[in-house]
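Work through the exercises below with the sequence and the structure open. Try each task before you read its solution.

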Amino acid sequence: MGNLKLKGKDILKLGYPNNQSVNIALEVMKRNFATKNIHYVKSLLKEIQQNPENFEKDLTFGQIAEALLSSKKTEKRMLNTNRASFQIFGNNISDEAKNQLYTALKLPISMQGALMPDAHSGYGLPIGGVLAVENAVIPYGVGMDIGCRMSLSILDTPISYLDGARDKYEKALAEHTKFGMYETHKSHVEHEIFDRDTFDLIPILRRLKGKAIKQMGSSGGGNHFVEFGEVEITEEDEQIGLPKGKYLGILSHSGSRGLGAEIAQYYSRVATEQCPLPKEAQNFAWLDLNTHLGLEYWTAMNLAGDYASACHDDIHRRLVKAVGGRVKARIENHHNFAWKEIHNGKEVIVHRKGATPANENELGMIPGSMTAKGFIVRGKGNPDSLNSASHGAGRAFSRGECRNRFTQNDIKKELKLKNVTLMGGNAEEAPMAYKDINEVMNAQSELVDILGTFQPRIVRMDK
């Protein structure tokens, strides 16, 4: 941890109570001031001890201040007997996914919940689960891939180019997209996100900054993709600003890469230590937003979301530069996130894990599969779904089931039938792995209006 020769007895001599505050102070100072003079470090600690209320909101010292101001023991939280109110959209949803939502609805902080028609089981909150809670954030309710999103660019290029110059588009995807844990771009653009002081204020972000720079503009493995396809605008909308018709589009799906994954792992572990819950609910451990750790996670989550968006900007920029054309419209929405929103006249924290925000007039993109059409949508702001919609078609079969059920030959047949070229991908993401997107869309007609479609033509995924 560096050269700082600071001991617990030094901190006790400064007037700190003999409790958790000593260990926290020791850890924070060694983590942040390992190379500083011990007298300087002690003077800082003395200042915090004398006026802890001045440091409550400080991202570096808030945890020490909080420990000094609070001597509360970590008590096991009990679940409520009754569930908070909820609504389930769609019928083709497993009991396991429903039961995960039912457990979440019994948390003492839960206010309201919903399950989207693409829902399936996950860790903690199910994928397609929406949960509103009071003044707290649940790291596993946000999920591992913080701020994962869909991003659609609609170009002015004639749609005929996709068939006429298919080689050019395949080459662009092969050369200008990177996937999985090990592929990264050789050159990196300077992006304003890396100038933010948030990276320096929170130790875990400081440690992850190098990795974030390296992975900028790359996509994850699994179900993440970048694809060229055919956009059809079927309803004119002034936000999109395009007449009805067919356009060439770029659609990408990815999240915050290693940055988001490590933030999620760290704060999920911390939340479990801070907030013991019965066994069936332990993945719903939360961080109170009035605490330093809650504020720290909230800050890190928002940075990871902005980083995910910046990655999509970079992906689309590289591809447009490679294939030509101009972007006429851009639609982007994210999931695996928590938002401060007003519902029933009260501010709540809404977690959408694999669910799309669908506030009134909010645009979004809901994909199908590598061969099925996706849908450009406009939210209706339905309070029963907490202004949410599905984030895709949803899995019909788990990844393990797909490996046993589908062969490469099965996938090739389906691709040929739909005139889709696949680069990378595997049986886990077979088109047949997903629910019927049309059924999913029919089940959420109260949640969104359909403005257009996106038909994939050339799809690139992790190998």
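**Exercise 1: the cores**

The largest nonpolar core has 57 residues, and Ile146, Leu205, Leu259, Ile263, Tyr267 and Tyr297 have the most contacts inside it. A nonpolar core is a set of buried Ala, Val, Leu, Ile, Met, Phe, Trp, Tyr and Cys residues joined through side-chain atoms within 4.5 Å. Buried means under 20% relative accessible area, exposed over 50%, partly exposed in between (1.4 Å probe, protein chains only). This is a predicted model: local features need pLDDT of at least 70, side-chain atom pairs count only at pLDDT 80 or more, and totals for chains, interfaces and linings use all residues. Residues are numbered from 1 along each chain as its sequence is written, and side-chain values use heavy atoms, with hydrogens and water left out.

Task: Find which element supplies the largest share of this core.

Solution.
Step 1. List the elements that each supply at least two residues: helix 5 (95-104), strand 2 (110-120), strand 3 (127-133), strand 4 (136-137), helix 10 (203-215), helix 11 (257-274), helix 12 (292-323) and strand 10 (337-343). Helices (H or I, at least four residues) and strands (E, at least two) are DSSP runs, numbered from the N terminus.
Step 2. Pick out helix 12, which gives the largest share, 10 residues.
Step 3. Note a second, separate core of 48 residues, with Ala114, Ile331, Phe375 and Ile376 among them.

**Exercise 2: one histidine**

Task: Decide whether His253 is buried or exposed, and find which residues it touches.

Solution.
Step 1. Locate His253 in strand 7 (residues 245-254).
Step 2. Read its relative accessible area, 6%: His253 is buried.
Step 3. Collect its contacts (heavy atoms within 4.5 Å). Leaving out residues up to four places away in sequence, His253 touches Cys148, Arg149, Met150, Asn223, His224, Phe225, His312 and His335.
Step 4. Look at Asn223 again. Its backbone oxygen lies 3.2 Å from a polar atom of the His253 side chain.

**Exercise 3: strand 5**

Task: Find which strands pair with strand 5 and how many of its residues are buried.

Solution.
Step 1. Recall the rule: two strands pair if DSSP finds at least two bridges between them.
Step 2. Strand 5 (residues 149-155) joins strand 7 through 7 bridges, running antiparallel. Here Leu155 has Leu248 as its bridge partner.
Step 3. Strand 5 also pairs with strand 9 (residues 327-334), antiparallel, over 7 bridges. Ser151 stands opposite Glu332.
Step 4. Count the burial: 7 of its 7 residues are buried. One side holds Arg149, Ser151, Ser153 and Leu155, and the other holds Met150, Leu152 and Ile154.

**Exercise 4: an open sheet**

Task: Explain why strand 1 and strand 10 each have one side without a neighbour in the sheet.

Solution.
Step 1. Write the order of the 5 strands: 1-2-3-11-10, an open sheet with mixed pairing.
Step 2. Strand 1 and strand 10 stand at the edges with a single partner strand each, so one side of each has no neighbour in the sheet.
Step 3. Check one pair: 4 bridges join strand 1 to strand 2, running parallel. Phe86 stands opposite Gly113 there.
Step 4. Add helix 5, which packs on the sheet and touches strand 1, strand 2 and strand 3. Its buried residues include Ala97, Gln100 and Leu101.

Key:
Polar contact = N/O pair within 3.5 Å; in protein donor to acceptor, adjacent residues only side chain to side chain. Axes fitted to C-alpha atoms, helices over the stretch in contact; angles between N-to-C directions.
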